[in-house]
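Here's a quick briefing to read alongside the structure. Have the viewer open and hop between the spots as they come up.

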Amino acid sequence: MLTCRAVWKKLAPLARASSTVCRQNVRRAGWNNARTPLCVPVAHMSTGPVGGGSDNLKYALLVGASFVGGLTYAVITLKGDQKRHVERMAEISSRKQKSASQIQTEPAAPLETKLEAAAAPDAEAAAPSETAEPPPVDEPLAEASAEEAAAPLTDAGVEEAADSKPSLPSHAPYLLIGGGTASFAAARSIRARDPDAKVLIVTDEPDLPYMRPPLSKELWFSDDPSVTETLRFKQWNGKERSIYFQPPSFYVDAEELSGAENGGVAVLTGRKVVHMDVRGNKVKLDDDMEISYDKCLIATGGVPRNLQVIERAGEEVMKRTTVFRKIDDFKSLDKVSRNAQSITIIGGGFLGSELACALGRRSTESGLEVIQMFPEKGNMGKVLPEYLSNWTTEKVKKEGVKVIREAVVKSVSYKDDKLEIKLKDGRVVRTDHIVAAVGLEPNVDLAKSAGLEVDSDFGGYRVNAELQARSNIWVAGDAACFYDIRLGRRRVEHHDHAVVSGRLAGENMTGANKPYWHQSMFWSDLGPDVGYEAIGIVDSSLPTVGVFAKATAKDTPKAATEESGTGIRSESETEDTASSAVAPAAPAPVVSHRDEYGKGVIFYLREKVVVGIILWNVFNRMPIARKIIKDGEEHVDLNEVAKLFNIHED
């Protein structure tokens with residue numbers, strides 16, 4: 001096109017002069033003959049002497065060749081662009097069909113470099129007509145060959161520019177660090193109060209936000225052999241659902257978030273925030289990309305602990321050890337359980353006991369040996385009173401689990417294709433695989449760079465009543481150490497707390513300024529027949545009072561979910577408030593320390609005040625328990641208080 005333009009600039013004066021002479025000759029002929037001639041002789045169009053038709057012929061050939069050449073080039077270019085456009089759209093469509101977890105993006109710096117490199121030729125070509133000042137009239141335009149003019153439109157150039165067009169956002173009005181339950185609850189809360197909000201979630205996991213409880217509960221009881229791929233499960237009430245909070249279609253692509261007219265929630269997977277500049281309101285990712293923010297939530301959760309004797313045992317032992325937390329851990333342990341002969345679970349808390357029961361049921365079909373060991377006298381010995389802990393241990397044994405109590409691990413080694421666990425009392429256990437379920441360490445990696453305070457007693461980021469660590473920084477979930485107006489400073493590691501604290505943080509990020517007063521609950525199921533819900537401080541070292549009654553067929557987790565319609569019971573409980581419950585008039589006999597504990601209520605006391613409650617196979621009564629703790633009153637007879645839960649009704 002540049003060649004055509006240069007030729008036309010040289011020939012334009014000749015064309016204008018020829019046209020003028022032609023018009024004059026036509027007028028003369030009309031005046032002399034009193035009529036307009038039907039045709040004009042070719043010779044009359046020349047400005048030179050008669051017989052100069054060769055110049056006109058050259059002019060005509062040049063103009064015609066330029067026109068044909070320009071038209072041909074335009075047609076070829078348009079066809080090429082159309083073909084590349086179709087191919088590019090097909091490629092983009094195929095990418096969108098993939099899971100969001102498989103989306104790979106290039107680092108920000110290379111993207112910007114590519115954009116500048118790709119845009120430079122286009123900008124240069126457009127300069128004469130759009131941005132640059134026109135050159136002086138007497139200065140000829142620089143000529144370029146056809147190859148040089150077409151260079152920016154080659155396949156490689158177009159594809160490179162297309163690949164680099166969608167860039168990751170360098171700014172997010174709402175930045176949420178962590179992709180767990182608290183972060184998703186905050187995002188949903190922000191969008192509810194600010195419908196056009198643009199929310200960016202950054203998570204180091206490859207998955208979209210999902211709920212963790214089914215990883216140690218319902219997923220293990222699925223009959224679907226492809227459950228590790230579908231991650232769908234049947235709840236105790238028979239309804240099927242996915243562990244993901246929302247499908248990929250719910251989210252906006254991270255590359256498109258900045259331009260989203262109505263905002264949305266985007267998830268940047270497989271990226272970790274490694275540095276936080278509080279003064280500059282920006283974070284740095286593990287690929288050196290920086291993202292600025294207006295408001296930020298830290299919901300980094302926790303990291304599963306491991307035993308030091310295992311970490312020091314060497315690579316062969318570590319390869320055969322699972323610390324259970326994420327989807328990949330579930331998939332890995334599921335595969336191990338189908339191939340190994342023996343699995344040993346170290347830990348007697350919620351997670352260890354749930355996994356023991358789940359694997360124990362599988363062992364009846366596959367012949368897998370399942371061993372559970374812990375330093376306490378019984379399962380969940382740090383939570384349940386001793387008599388109930390012993391009863392729970394017997395229940396776990398009936399599920400096909402070999403339980404080793406008061407077991408303190410001294411060393412672990414790998415010998416003869418087996419892991420050898422030596423206990424301090426001299427006992428030795430040989431197994432194929434170890435699952436370490438020994439607690440959670442709050443993830444406070446950003447505390448140093450951000451200058452945020454970490455609680456020395458409970459761990460986690462110290463926050464105020466509004467869950468703020470700074471004026472525009474909030475913390476929610478496992479990583480938050482908050483002040484409970486009834487029970488003092490605490491840090492809670494349960495699903496319900498993640499939901500409620502994330503929701504409140506999201507509201508406060510949009511200007512609600514509401515304090516955190518909610519008493520979160522948690523629950524644990526030992527299969528579909530035994531489960532409990534708890535609230536407050538449940539510590540077996542505290543004095544307890546238990547009131548029990550005979551269970552019926554409806555006093556099971558399965559029956560409870562059939563009634564509520566959800567397996568994640570806290571989701572329905574967190575919205576309820578307790579009404580003025582009226583205790584039944586019938587007397588309630590105290591059932592204490594008997595062999596069977598069908599259902600009941602356990603009160604945990606501190607200075608004669610109830611600070612924690614466990615509802616044993618009693619469901620949908622959590623608002624009443626929450627109100628009792630909130631009132632903070634002394635109770636002379638807890639048997640009367642137990643009547644509020646209607647445990648003696650058939």
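A residue counts as buried here when its relative accessible area is under 20%. Asn472, with 13%, is therefore buried. Keep in mind that this is a predicted model, so everything below describes that model rather than an experimental structure.

**The chain as a whole**

- The chain runs to 650 residues, and 46% of them count as buried.
- Its secondary structure adds up to 18 helices and 28 strands.
- Take the contacts with a separation of 6 or more: 68% of them come from residues 24 or more positions apart.
- The accessible surface is about 32,900 Å², and carbon and sulfur atoms hold 52% of that.

**Asn472, a buried loop residue**

- You'll find Asn472 in the loop between strand E20 (468–470) and strand E21 (473–475).
- What does the side chain of Asn472 reach? The partner is the backbone oxygen of Asp294, at 3.2 Å.
- Beyond its neighbours within four places in sequence, Asn472 is in contact with Asn281, Tyr293, Asp294, Lys295 and Cys296.
- So Asp294 turns up twice, as the residue whose backbone oxygen is reached by the Asn472 side chain and in the set of contacts of Asn472, with Asn472 itself buried at 13%.

**Lys599, a buried lysine in a strand**

- Lys599 sits in strand E27, which covers residues 599–606.
- Buried or exposed? Lys599 is buried, since its relative accessible area is 3% and the cut-off is under 20%.
- Its side chain reaches the backbone oxygen of Ile647 at 3.0 Å.

**Strands E11, E12 and E13 with their crossovers**

- Strand E12 (residues 369–373) has four of its five residues buried, so the rest of the structure largely encloses it.
- On one pairing, E12 goes with strand E11 (residues 342–346) in the parallel sense, over five bridges.
- Within that pairing, Ser342 stands opposite Glu369 of E12.
- To get from E11 to E12, the chain passes through helix H11 (residues 350–366), and this β-α-β crossover is right-handed.
- E12 also pairs with strand E13 (residues 401–404), again in the parallel sense, over four bridges.
- Here Gln372 has Val403 in E13 as its bridge partner.
- The route from E12 to E13 goes through helix H12 (residues 386–398), in a β-α-β crossover that is right-handed.

**A three-stranded open sheet**

- Three strands make up an open sheet in the order E19-E22-E23, with mixed pairing.
- Which strands stand at the edges? They are E19 (461–462) and E23 (488–490), each with a single partner strand, so one side of each has no neighbour in the sheet.
- E19 pairs with strand E22 (residues 480–484) in the parallel sense over two bridges.
- For a spot to zoom in on, Tyr461 stands opposite Ala480 in E22.

**Helix H14**

- H14 takes in residues 495–509, 15 in number, and spans 21 Å from its first C-alpha to its last, close to the 21 Å expected at 1.5 Å a residue.
- Why call H14 largely enclosed by the rest of the structure? Because 14 of its 15 residues are buried.
- After H14 comes Gly511, with a positive phi near 100 degrees.

Key
Residues are numbered from 1 along each chain as its sequence is written. This is a predicted model: local features need pLDDT of at least 70, side-chain atom pairs count only at pLDDT 80 or more; totals for chains, interfaces and linings use all residues. Side-chain values use heavy atoms; hydrogens and water are left out. The expected span of a helix is 1.5 Å times one less than its number of residues. Buried means under 20% relative accessible area, exposed over 50%, partly exposed in between (1.4 Å probe, protein chains only). Two strands pair if DSSP finds at least two bridges between them. A polar contact is a pair of N or O atoms within 3.5 Å; within protein, one must be able to donate a hydrogen and the other to accept it, and residues adjacent in sequence count only if both atoms are side-chain atoms. Contact means heavy atoms within 4.5 Å. A crossover is right-handed if, with the strands pointing away from the viewer, the path from the first strand over the helix to the second runs clockwise. Accessible areas come from the Shrake-Rupley method with a 1.4 Å probe; for residues, only the protein chains shown count as cover.
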